[in-house]
Amino acid sequence: MSSGGGGAKRKQKHEEHEEHANHERWLVSYADMMTLLFVLFVVLFAMSSVDQKKFAQLAAGLSAGFGADSVAFTGQSAPLDGAANNAQVVQIDPGSNPGDGTSGTEGLNITQKAAVDRAVLAEDRKRASANAQKAAKEAEDLKAIERKIADALAAQKLLNSAKFTIDQRGLVVTIVTNEVVFAGNRADLRSGGEKILKAIAPTLAGLPNNIEVDGHTNQLNAKTTYYPSGWELSAARASTTVRFFTEHGIPKKRLSAVGFSDTKPLIDPKDPRSITQNRRVDVVVLTQLTPEQAALLPAASGTDSKLHTGQTTAAAQAEAAAAAAEKAASTTQTTTKTTTTSHD
């Protein structure tokens with residue numbers, strides 16, 4: 001009996017010991033977690049200075065630890081790695097945040113900052129040069145459109161009925177109403193106005209550009225008869241012109257009408273001619289350049305940025321021939337003078 005009782009006690013103590021051992025198994029998981037954290041910080045520290053030799057050693061160790069070979073660990077070239085084995089030492093600022101935009105050139109020495117400034121200036125010059133070239137090309141294209149419109153007006157003996165300007169918006173065709181296009185205080189097209197618009201409509205219809213029609217009134221404070229103010233009158237005249245264009249082959253989605261009343265005079269309101277000159281309709285062939293490029297259009301167009309009579313194709317060809325003849329004569333004169341001097 002006593003021996004049986006002693007055996008029971010020993011069994012009970014053995015069971016209590018096993019239960020105590022099960023409670024301490026959390027140390028294994030804790031140790032694993034601490035090991036992984038240690039490895040993580042070692043990797044982060046190693047990444048702060050990427051050196052090819054050290055990276056290869058780390059990669060080899062990780063590869064062996066995971067029991068598999070990988071392109072990412074062996075340093076071999078891969079389709080997306082770009083530089084392959086030509087790795088360079090790259091210092092990473094541990095305090096910088098790639099997304100906050102505050103690092104900039106902080107931490108660079110004078111030589112490095114100067115190199116960055118030179119690179120920025122070079123990029124700015126490159127972009128400015130590209131914009132200038134596009135503006136010059138656009139100015140040439142707009143001038144070609146002017147010649148086509150001028151040819152159509154000249155064919156109808158209406159060349160003096162419109163003036164041209166190239167500004168940052170594009171090519172501006174100014175049609176002075178002066179009782180020809182619209183009657184006073186009215187927005188109904190007269191026969192003279194229809195003839196002018198009909199002459200230029202085919203050229204406009206063949207362009208890819210959008211067209212804006214601006215209505216303007218003069219600065220007189222006379223009360224409008226059929227409209228509350230000059231705003232409604234100028235907008236109605238622009239709308240009438242747009243409607244005429246839609247009826248003559250120009251898609252409505254390319255057209256827009258704007259009324260400016262007397263807020264954008266063509267010439268100084270103190271000038272006596274302003275009473276007739278400022279009452280007008282502007283047909284604007286809008287440029288397709290970006291705003292940054294379009295801002296260069298007036299400078300690129302030279303004298304065409306000022307109000308002028310349209311140049312026909314024949315006039316342009318005659319001007320080019322005269323310029324070529326003058327250049328040839330100047331070259332001949334210079335050659336003759338050089339030959340004479342050498343004989344002396």
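This note goes through a predicted model point by point, from the overall make-up to single residues.

1. Overall make-up. The protein has 344 residues, of which 26% count as buried. Its secondary structure comes to 11 helices and eight strands. Among contacts with a separation of 6 or more, 73% are between residues 24 or more positions apart.

2. Helices α5 and α6. The axes of α5 and α6 come within 9 Å, with a crossing angle of roughly 145°. The crossing is right-handed. On the α5 side the contact is made by Ile145, Lys148, Ile149, Ala152 and Leu153, and on the α6 side by Ile196, Ala199, Ile200, Thr203 and Leu204. By class, these residues divide into eight nonpolar, one polar and one charged.

3. Helices α6 and α7. Helix α6 covers residues 191-205 and helix α7 residues 230-246; their axes come within 10 Å and cross at roughly 55°. An angle of 65 to 115 degrees would count as roughly perpendicular and one under 35 degrees as roughly parallel, so α6 and α7 are oblique to each other. This crossing, too, is right-handed. From α6, the residues Glu194, Leu197, Lys198, Ile200, Ala201 and Leu204 meet Thr241, Phe244 and Phe245 of α7. The contact of α6 with α7 has six nonpolar, one polar and two charged residues. Ile200 and Leu204 of α6 appear both in this contact and in the one with α5.

4. Arg243. This residue belongs to helix α7. With a relative accessible area of 46%, Arg243 is partly exposed, because that class lies between the 20% limit for buried and the 50% limit for exposed. The C-alpha atoms of Arg243 and Ala257 are 9.5 Å apart in space, with the two positions 14 residues apart in sequence numbering.

5. His308. Strand β8, residues 308-309, holds His308. Its relative accessible area is 15%, and His308 is therefore buried, the limit being under 20%. Two polar partners can be listed for its side chain. One is the side chain of Glu146, in a polar contact of 3.0 Å with His308. The other is the backbone oxygen of Lys306, which lies 2.7 Å from a polar atom of the His308 side chain. Beyond four places in sequence, His308 is in contact with Lys143, Glu146, Lys163, Phe164, Thr165 and Thr303. Of these, Lys143 and Glu146 fall within the residue range of α5, 110-155, while Lys163, Phe164 and Thr165 fall within that of β3, 162-167.

6. Ser261. The loop between β6 and α8 contains Ser261. Although Ser261 is not a glycine, its phi is positive, at about 55°. A relative accessible area of 7% makes Ser261 buried. The side chain of Ser261 is joined to that of Asp262 by a polar contact of 3.5 Å.

7. Asp262. Asp262 sits in the loop from β6 (255-259) to α8 (274-277). Asp262 is partly exposed, with a relative accessible area of 35%, whereas Ser261 is buried. Not counting residues up to four places away in sequence, Asp262 touches Thr217, Asn218 and Gln219. Gly230 is 32 residues from Asp262 in sequence, and the two C-alpha atoms are 7.2 Å apart. Residue 230 is also where the range of helix α7 begins.

8. Lys157. Lys157 is another non-glycine residue with a positive phi, here about 60°. Its place is the loop between α5 (110-155) and β3 (162-167). At a relative accessible area of 77%, Lys157 is exposed, whereas Ser261, with its positive phi of about 55°, is buried.

9. Pro291. Helix α9 spans residues 291-294 and includes Pro291. Pro291 has a relative accessibility of 72% and so counts as exposed, the limit for that class being over 50%. The C-alpha atom of Pro291 is separated by 8.1 Å from that of Gln168, a residue 123 positions away along the chain.

Terms used. Residues are numbered from 1 along each chain as its sequence is written. This is a predicted model: local features need pLDDT of at least 70, side-chain atom pairs count only at pLDDT 80 or more; totals for chains, interfaces and linings use all residues. Side-chain values use heavy atoms; hydrogens and water are left out. Helices (H or I, at least four residues) and strands (E, at least two) are DSSP runs, numbered from the N terminus. Buried means under 20% relative accessible area, exposed over 50%, partly exposed in between (1.4 Å probe, protein chains only). A polar contact is a pair of N or O atoms within 3.5 Å; within protein, one must be able to donate a hydrogen and the other to accept it, and residues adjacent in sequence count only if both atoms are side-chain atoms. Contact means heavy atoms within 4.5 Å. Axes are lines fitted to C-alpha atoms, for helices over the stretch in contact, and angles run from 0 to 180 degrees between N-to-C directions. Angles under 35 degrees count as roughly parallel, over 145 as roughly antiparallel, 65 to 115 as roughly perpendicular and the rest as oblique. A crossing is left-handed if the near helix is turned anticlockwise from the far one by less than a right angle, and right-handed if clockwise. Ala, Val, Leu, Ile, Met, Phe, Trp, Tyr, Cys and Pro count as nonpolar, Asp, Glu, Lys and Arg as charged, and the others, Gly among them, as polar.
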